[in-house]
Amino acid sequence: MNDLDFCRKVEQCLTADFGLERDTARPRQIYLATVSILRQILLNRSLSLEKAEETQKKVSYLCMEFLVGKMLESHLRAMGLYEDYCVWLAEAGQNFDAVAAEEQDPGIGNGGLGRLAACFMDSLAALDYPAAGYSLCYEEGLFCQKVPGGEQVELPDTWLYSGEAWLTPRDEKTVAVRFGGKVKETWRQGKVSIHYEGAYTVLARPYDLFIPGYHNDAALPIHLWRVVPEPIRFSPDESRRDWDEHWREQEFYSKISGQLYPDDTQYEGKKLRVCQQYFLVSATLQNLISAHLSCHASLDDFAEYNAIHINDTHPALAIPELMRLLMDEHGYDWDHAWTITVAALSYTNHTVMPEALECWPRNLLSETLPRIVSILEEINRRLTADLSARLPREAKKVAAMSLEGDGMFRMANLAVVGSHTVNGVSQIHSQILRERVFSDFASLNPEKFTNVTNGIAHRRWLCQSNPRLTALITETIGDGFISNPTDLERLYPYADNPDFRHAFADLRRKNKADFSDYVAGVYGRRPDPDSIFDVQIKRLHEYKRQLLNALRILGLYHSLKENPEQNFYPQTFFFAAKAAPGYRMAKRILKLLWCLGEEIARDKAVRDRLSLVFLPDYNVSLAQRIIPAADISQQISTAGKEASGTGNMKLMLNGAITLGTLDGANVEILEAVGKDNIFIFGKNEKEVEALLRAGYDPRRYLLPTGRPKDAAADTAVVSAGADVVDRALQETLSSILDHLEKGIYGENFSDLAAYLKIGYHSAPDPYLCLCDYADYDRTAAHLKRLYADPERWFAMATRNVAMAGRFSSDISIRRYAERIWKIQPLPASRK
Ligand code: 26W
């Protein structure tokens, strides 16, 4: 379809669906009509893809989250319709931004994991691989965040108000998923047949969201499963039904696709989470099996045509569920079913934090998924028998590798055992998986473990969100990088070209002014675009150490108060972050950031040089606005804790300079740009481990209590493990902690001071804020001094952009396709 046809169709849709003309229609109706036509085009494309896929292996990417971001502009751009569509709107006196503003950012994801899944769909489509995403069609996404008075308030994210327009219900693909009840096994001639008594059946219907390829004919579906009520037919069975029980169950199971990550602190919440996970995997596998059988004689070759990818442990029940379907519904014996299952499945671990190594209580699984429990037990019986034979004198090791322990089923062990390949998401993270988290499995089966470093959709994170930089790059090296991201390396020599650097500096200044205007419009205060924009944007978590950043800002504040005449380049610190609703410490840190911002903003003596802006409701759209305006990218996690990070890549791609630890993909960014173009500080992963093992005592970094400040000699030096702690550092940190205790903007933060000093649950701050402070402060100060030399700064920025191509998700996806999924792009002949 050409662009004119497209615009004409939108016009026809406006008339047919709403009885409106393009010049009188409201933006919402134009938005709905445009999305409706885009959806029809993409549905048609994807149907032809389904046909092509019959003869080729495809990947199914299972993930509890897909943080796709707004789609109107990105889809129009990918489909080559954007420019003409804007002109067409303008001719009718309409404006693209007003139409685009009708789209809410769909918050159907938490953070890194969900955004990665969305970037991967973009690249799979751009590279024309046969693929589909699978997730749930949540009625509510992750909460919308408000922060009145610095307290996080969580409002429901009703993304479907504008998001529903993108969805195509695929009624014909509806399947049934069973929960609860009792399972009866009947054995006849060595074969088992399974009957369910009193199980509750939930219908799952996919609502498809399509992702177009970049300037090609691809349209990949993300199938979002939604609960639909089962039709009740009058039959003798129905008349015997216990209706009260039925309504109770219906109320519970109708919530399966209600909300992303419901609170699971209580039993009911845990049960709901398990049901969500099983609902996703059961519906998905049934869908894949029936698609396979529609064009193949049997499931013997299922794994030759299907690569099924488990993202984090959330969809790990795909392993026993595929076994169940193969054995109970399709008559396979155990060994054959197991061979098919392991050959089809692969698993990515996305974090080493304990919350992702999910464990489900045995009683909960037995009550909810009785047949799955019997399969898990059998997998485990065979696993532990095999391990005991191979490791005869290592009962402890075998117990640690078992799928069951302490009354829990361990999903991470299950995911490792039931997959042919396990990968981490950066070099250092994959190494930690091999050496620590899954070391016992890796020593038995080293070839199972590999690495694929994460990547980002550079077409969204550069071409779409930073049009000025994209224009400069295109003028300089052409537009080849849009399809071949490593072409950006041709920009490298321009780091030494003053004209290029000045043009870069100019456009950064404009991006900063635009962002300041946006902040002023939405939040009331206008940041100074001539100050350094120093950015930390990510989920709020102790290991990401927003607290360390806050401590340093307090340090700068004190120093400005004590020495107002100092030469201090104005600096604005931006934070944006959501805290998990039940995460008390994260909410306290958020409150500290907010209070500190307010206190500084009211201090006339410093506010022109130092400010802290907390931007509420961090989401993809806000990231797209702030990243092109960032000068400094803070990636300061405790080494060993951040699996990869992808914000670090997005900021680098836009020319921000990283201030970070040797963690996650920072390690590879350092490798790419060299140590003169990235600023690394702090303990490395091995040192962190050693220090925590030896016992970390944060009080070493503080003045001894009970001693007046000036009683000790100025030059006193205290040893803190391998560190040398001088008295000036102790004074700085003690006065920062005193300030927390005295209160900031009327709020007392003694709890945070105590956490840093003595910790809670009797363990001192495991994220080592005080320990890394001195090196952080030194490195940040050095980086800041460089900002005063724009020639040097924009040379570094240029090198960062030039070397960011290797972090495009196009590169990651090619690796997954070649090394793990063994899939090929669709042949050009399909068109
Ligand atoms: C509530 C349960 C839960 C637990 C873990 C929900 C979501 C998770 C995710 C696995 C956490 C996550 O998003 N991890 C991030 O994944 C990114 C993509 O691989 C990495 O870049 C980040 O480093 C990692 O924190």
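## The shell around the ligand

The residues that form the shell around the ligand fall into three classes, with 7 nonpolar, 8 polar and 5 charged. The structure described here is a predicted model, and every value in this report was computed from it. Among the 20 residues around the ligand, those that come nearest are Leu113, His350, Asn454, Glu642 and Gly645. If the shell is considered by helix, the greatest contribution is that of α6, which spans residues 112-126 and gives 3 residues to the shell around the ligand.

## Polar atoms beside the ligand

Which side chains place a polar atom beside an oxygen atom of the ligand? Histidine 350 does so, with a polar side-chain atom that lies 2.7 Å from an oxygen atom of the ligand, and asparagine 454 has a polar side-chain atom 2.9 Å from an oxygen atom of the ligand. In the side chain of glutamate 642, an N or O atom is 2.6 Å from an oxygen atom of the ligand. The ligand taken alone would expose 570 Å², and the protein buries 86% of that area.

## Helices α31 and α32

Turning from the ligand to the packing of helices, α31 (residues 769-787) and α32 (residues 790-803) pack with their axes 7 Å apart and at an angle of about 110°. Angles of 65 to 115 degrees count as roughly perpendicular, and α31 and α32 are therefore described as roughly perpendicular to each other.

Where these two helices meet, α31 contributes Leu783, Leu786 and Tyr787, while α32 contributes Pro790, Arg792, Trp793 and Met796. Sorted by class, the residues of the contact of α31 with α32 comprise 6 nonpolar and 1 charged, with no polar residue among them.

## Helices α12 and α15

A second pair consists of α12 (residues 318-329) and α15 (residues 370-390), whose axes come within 9 Å and cross at roughly 100°. How are α12 and α15 oriented to each other? They are roughly perpendicular, because the angle at which they cross belongs to the range that carries this description.

On the side of α12, the residues that take part in the meeting are Ile319, Pro320, Glu321, Met323, Arg324, Met327 and Asp328, and on the side of α15 they are Arg371, Ile372, Ile375, Leu376 and Ile379. The contact of α12 with α15 has 8 nonpolar and 4 charged residues, and it has no polar ones.

Conventions:
Residues are numbered from 1 along each chain as its sequence is written. This is a predicted model: local features need pLDDT of at least 70, side-chain atom pairs count only at pLDDT 80 or more; totals for chains, interfaces and linings use all residues. Side-chain values use heavy atoms; hydrogens and water are left out. A residue is near a molecule or strand if one of its heavy atoms lies within 4 Å of it. A polar contact is a pair of N or O atoms within 3.5 Å; within protein, one must be able to donate a hydrogen and the other to accept it, and residues adjacent in sequence count only if both atoms are side-chain atoms. Accessible areas come from the Shrake-Rupley method with a 1.4 Å probe; for residues, only the protein chains shown count as cover. Helices (H or I, at least four residues) and strands (E, at least two) are DSSP runs, numbered from the N terminus. Ala, Val, Leu, Ile, Met, Phe, Trp, Tyr, Cys and Pro count as nonpolar, Asp, Glu, Lys and Arg as charged, and the others, Gly among them, as polar. Axes are lines fitted to C-alpha atoms, for helices over the stretch in contact, and angles run from 0 to 180 degrees between N-to-C directions. Angles under 35 degrees count as roughly parallel, over 145 as roughly antiparallel, 65 to 115 as roughly perpendicular and the rest as oblique. Contact means heavy atoms within 4.5 Å.
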